[in-house]
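Please open the model in your viewer with the whole chain shown as a cartoon, and keep a selection panel at hand. The stops below go from the overall view to individual side chains.

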Amino acid sequence: MVQPAAPRQANGRLTIDFDALAENWRLLAGKADTAECAAVVKANGYGLGSAPVAQRLFAEGCRDFFVASLGEALALRPSLPDGRIFTFDGFHKQMAAEYTAHRIVPVLSAPKNIEDWLAAGLASEPHALHVDTGMTRLGLSADEMAALAQDPDR
């Protein structure tokens, strides 16, 4: 009888150069002129660890951080108490209290997100609009933005 092979042990090693990461952020922030330069740390910092990456970039002056979901934002908040954390996945009205309690900023990318945000009475709370810039992926279309701009209640 043939015995299955023993599982192989992982022998790879990843070394993260936080100094290089910080230098890259400083370079980009310097090119941003008067705009804010943010960091996207979704998917656990693309495998580098969202908390240590965000903490180092915060120490360098970064204040705005983007994650994919509310769950990622809530997991990051204890490591980043003073940073602004944005979520790309819109607004989920059943979780409205979580956004405000943990100072999470939703990125509203569809008319439904905006309607839910307003219906929850959160118009004065921080939020961002995601505009489709032509990649035809996510975001409000030019027509949706025009309609939004024409409505003074929005």
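**The whole chain**

Before selecting anything, bear in mind that this is a predicted model. With the full cartoon in view, the secondary structure comes to 7 helices and 5 strands, and a walk from the N terminus meets these elements in the order α-β-α-α-β-α-β-α-β-α-β-α. Turn the C-alpha trace onto its principal axes, along which the protein spans about 70 × 50 × 35 Å. How does the radius of gyration of the protein stand against that of a compact globule of 154 residues? The globule would have a value near 15 Å, whereas the protein has 20 Å.

Now switch on the surface. The accessible surface comes to about 9,900 Å², and carbon and sulfur atoms contribute 55% of this area. If you colour by burial, 29% of the 154 residues count as buried. A contact display adds another view of the fold: among contacts with a separation of 6 or more, 41% are made by residues 24 or more positions apart.

**First selection: aspartate 19 and arginine 56**

A search of the whole structure finds 6 salt bridges, and a good one to begin with joins aspartate 19 to arginine 56, whose closest N and O atoms are 2.9 Å apart. This pair links distant parts of the chain, since aspartate 19 belongs to helix α1 (residues 18–31) and arginine 56 to helix α3 (residues 50–60), with their positions 37 residues apart. Are the two partners buried or exposed? Aspartate 19 counts as exposed, at 52% relative accessibility, while arginine 56 counts as partly exposed, at 23%.

**Extending the selection: glutamate 60, then glutamate 23 and arginine 26**

Keep arginine 56 selected and add glutamate 60, because the side chains of these two residues also meet in a salt bridge, at 3.1 Å from N to O, and they are separated by about one helical turn, being 4 residues apart in helix α3. Glutamate 60 is partly exposed, with a relative accessible area of 25%.

Next, go back to helix α1 and select glutamate 23 together with arginine 26, whose side chains form a salt bridge of 2.7 Å, N to O. Both residues lie in α1, 3 residues apart, which is about one turn of the helix. For the spacing within such pairs, recall that an α-helix has 3.6 residues a turn, so residues three or four places apart point the same way. Arginine 26 is partly exposed at 36% relative accessible area, and glutamate 23 is likewise partly exposed, at 42%. With these side chains displayed together, you have a network of salt bridges that links Asp19, Glu23, Arg26, Arg56 and Glu60.

**Second selection: alanine 43 and asparagine 44**

Move to helix α2 (residues 42–46), where alanine 43 is found, and inspect the backbone torsions. Phi of alanine 43 is near 55 degrees, a positive value in a residue other than glycine. Asparagine 44, also placed in α2, has a phi near 55 degrees, again positive in a residue other than glycine. Alanine 43 is partly exposed, with 44% relative accessible area, and asparagine 44 counts as partly exposed at 44%.

**Third selection: cysteine 37 and cysteine 62**

Select these two cysteines and draw the distance between their sulfur atoms. Why is there no disulfide here? The sulfur of cysteine 37 has its closest cysteine sulfur in cysteine 62, at 6.4 Å, which is too far for a bond, given that a disulfide requires the sulfur atoms to be within 2.5 Å. The count for the structure is accordingly 0 disulfides. Both residues are worth viewing with the surface on: cysteine 37 counts as buried at 16% relative accessibility, and cysteine 62 is buried at 0%.

**Last selection: helix α6**

Finish with residues 111–119, helix α6, and show the side chains of its buried residues, Asn113, Ile114, Asp116 and Trp117. They sit on the same side of α6, because they cover an arc of only 165 degrees around the axis. What do these buried residues of α6 pack against? Add β4 (104–108), β5 (128–129) and α7 (142–150) to the display, and you will see the elements they pack against. Just after α6, stop at glycine 121, which takes a positive phi of about 75 degrees.

Note on methods:
Residues numbered from 1 in each chain as written. Predicted model: local features only at pLDDT ≥ 70, side-chain atom pairs only at ≥ 80, totals over all residues. Heavy atoms only, no water. Buried < 20%, exposed > 50% of the residue type's maximum accessible area, 1.4 Å probe, protein only. Arc of directions from axis to C-beta. Contact = heavy atoms within 4.5 Å. Rg over C-alpha atoms; globule rule 2.2 N^0.38 Å. Areas by Shrake-Rupley, 256 points an atom, 1.4 Å probe, with all protein chains shown as cover.
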